[in-house]
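Good morning, and thank you for joining. I would like to take a few minutes to go through one structure with you, beginning where two chains meet.

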4 protein chains.
Amino acid sequence: MRVNLDISADPTDYSFAHDIRVRFAETDAMGVMHHASYVAFLEETRVEYLRDLGRPYGELRAEGFDLAVLEVFVQYRASARFDDQVTVHTRVREMRGASFQMDYLLMLGEEICALGATMHGVVDARGRATRAPAWLKALLSGLPN
Amino acid sequence: MRVNLDISADPTDYSFAHDIRVRFAETDAMGVMHHASYVAFLEETRVEYLRDLGRPYGELRAEGFDLAVLEVFVQYRASARFDDQVTVHTRVREMRGASFQMDYLLMLGEEICALGATMHGVVDARGRATRAPAWLKALLSGLPN
Amino acid sequence: MRVNLDISADPTDYSFAHDIRVRFAETDAMGVMHHASYVAFLEETRVEYLRDLGRPYGELRAEGFDLAVLEVFVQYRASARFDDQVTVHTRVREMRGASFQMDYLLMLGEEICALGATMHGVVDARGRATRAPAWLKALLSGLPN
Amino acid sequence: MRVNLDISADPTDYSFAHDIRVRFAETDAMGVMHHASYVAFLEETRVEYLRDLGRPYGELRAEGFDLAVLEVFVQYRASARFDDQVTVHTRVREMRGASFQMDYLLMLGEEICALGATMHGVVDARGRATRAPAWLKALLSGLPN
């Protein structure tokens, strides 16, 4: 297991933030956002982060690369509910060879909603581990953490 | 619009039945199964129907065919809830060239849960409309409706 | 069956439009947006429409009302793909007693992606059909179609 | 963080196993099961485990208890694909007061598909942490790990 679970709860530690509203389809019979739905929020935020960096994910895929998810971790703190606006903060934690960790802090206003982390591997179109393209490596490693 | 909404509510009109339990992830904050989740139930039942016919869907895809969904219709009658076992009855309604309609009757015990219909087109690996392979055509057209 | 499938393909016939990007989680192994995911797009658009009208859905629920989905219909025209931005146009088609139909036109730029319709019933907190609150009735019936 | 990531990859360490087929709706444009879909597989398996123990989850909820998910972790090893049958092994790892960890081993035939863990808290109908009912405590603590 390589994911580092020591995730910052301080929004100022993060590089990028993205707002997502909770859909009704994402709630469950406990009246709150279902725990699996958070994983899609992390993904949407990664995609928006790459776009913000000027490198939309579709471009990466068009070049024959994919970012496979190797591990995912979420710690739930306060339940998001239907129509809540969740602010997802993210940053690249570290890059080692062809894999890297991203951390996430989900906020409901001033309240911590959840913490998360994902480990990714750069893979080619056939899903085999490969070296990150230079621009991605530079992009990810050059970010202030 | 080509889908025929006159769907039988009599289980004996159907060729095949498949049971699916409602997952907690499929419920919503109204305490019932979310209306979009029914669409996945129709799909799972189609797949099991093809398997039962001795032609698993993966085989169809391996031959370079796919069954694109052209239209979907669901009428909700009685709410399914978490852990309910829904019996999904299905049949091929009719086949015209490269497209065909399937009907669905979802039961909660003796109670009608929902009615549904899907229109499908046979497409090649690039998603273009194509003639159905002979075995599929025979399979679908030969079924007692 | 009460849903009227004669849905306008002209964006100027609609009252409201909302943009949604296709998440990677919403795609399938055919490389396109999965057909069930469209249903959540219709729902998100309804919610944004009510918000735009100054009556967020949460307010409706807080007053003890819900808008149950009685029927849903989608006709797929052109596949949306990962990261595509889909513009969902919507309008209230008609209101009869405690139920009403909404129509949807999903566009990918200038291309028609899908048409949709949903039938809704106003229900109380226990899920029983009830009269629409006056403000909702006025809101829905007063809209230019 | 309390989840223990040292998860056994040996099926004989587990108490219960449940088979789930990958739905087409659960795949993504990389041609494999989407990483968020695994979380629902863990949940379905928990539910079946409780049923197998003679205590269906609905009974727990009817008594006013819920099992909130506090943390979730998944490590992906080999991609499951459409129509694959995944065998999900599970066991209760440990119980401390009102919270407990469950471990999961997902197999594709003889191959390890994924490892997982969830931390749960026993909550009352309002979502507040509460003591586990006696039968649940006995049930969970008495299991051979």
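In this predicted model, strand 2 of chain A and strand 2 of chain D, residues 65-76, are joined by five bridges and run antiparallel. To take one position, Gln75(A) has Glu71(D) as its bridge partner in strand 2 of chain D.

How many residues does each chain bring to this contact? Chain A contributes 18 residues, and chain D contributes 18 residues. On the side of chain A that touches chain D, two elements give two or more residues, namely helix 1, residues 37-52, and strand 2, residues 65-76. Strand 2 of chain A gives the most, with nine residues. Sorted by class, that side of chain A holds twelve nonpolar, four polar and two charged residues.

Let us now step back to the sheet. The strands of chains A and D form an open sheet of ten strands, paired antiparallel, in the order 1(A)-3(A)-4(A)-5(A)-2(A)-2(D)-5(D)-4(D)-3(D)-1(D). Which strands lie at the edges? They are strand 1 of chain A and strand 1 of chain D, residues 16-21 in each case, and each pairs on one side only. From one strand to the next, the twist averages 25 degrees.

Within chain A, strand 3, residues 85-96, pairs with strand 4, residues 99-108, in the antiparallel sense through nine bridges. In this part of the sheet, His89(A) is found opposite Leu105(A) of strand 4.

I turn next to the helix that covers these strands. Helix 1 of chain A lies across strands 1, 2, 3, 4 and 5 of chain A, and runs at about 70 degrees to strand 3 of chain A. In chain D, helix 1, residues 37-52, lies across strands 1, 2, 3, 4 and 5 of that chain, running at about 70 degrees to strand 3 of chain D.

Finally, a word on chain A as a whole. Chain A has three helices and five strands, which follow one another along the sequence as β-α-α-β-β-β-β-α. The C-alpha trace of chain A spans about 45 × 30 × 30 Å along its principal axes. For 145 residues, a compact globule would have a radius of gyration near 15 Å, and the 15 Å of chain A agrees with that. Of the 145 residues in chain A, 48% are buried. Among its contacts between residues at least 6 apart in sequence, 70% join residues at least 24 apart.

Thank you for your attention.

Definitions and conventions. Residues numbered from 1 in each chain as written. Chains lettered and ligands numbered in written order. Predicted model: local features only at pLDDT ≥ 70, side-chain atom pairs only at ≥ 80, totals over all residues. Contact = placed C-beta atoms within 7 Å. Helix = DSSP H or I, 4+ residues; strand = E, 2+ residues; numbered from the N terminus. Nonpolar A, V, L, I, M, F, W, Y, C, P; charged D, E, K, R; others polar. Pairing = 2+ DSSP bridges. Rg over C-alpha atoms; globule rule 2.2 N^0.38 Å. Buried ≥ 20, exposed ≤ 12 C-beta atoms within 10 Å, placed from the backbone. Axes fitted to C-alpha atoms, helices over the stretch in contact; angles between N-to-C directions.
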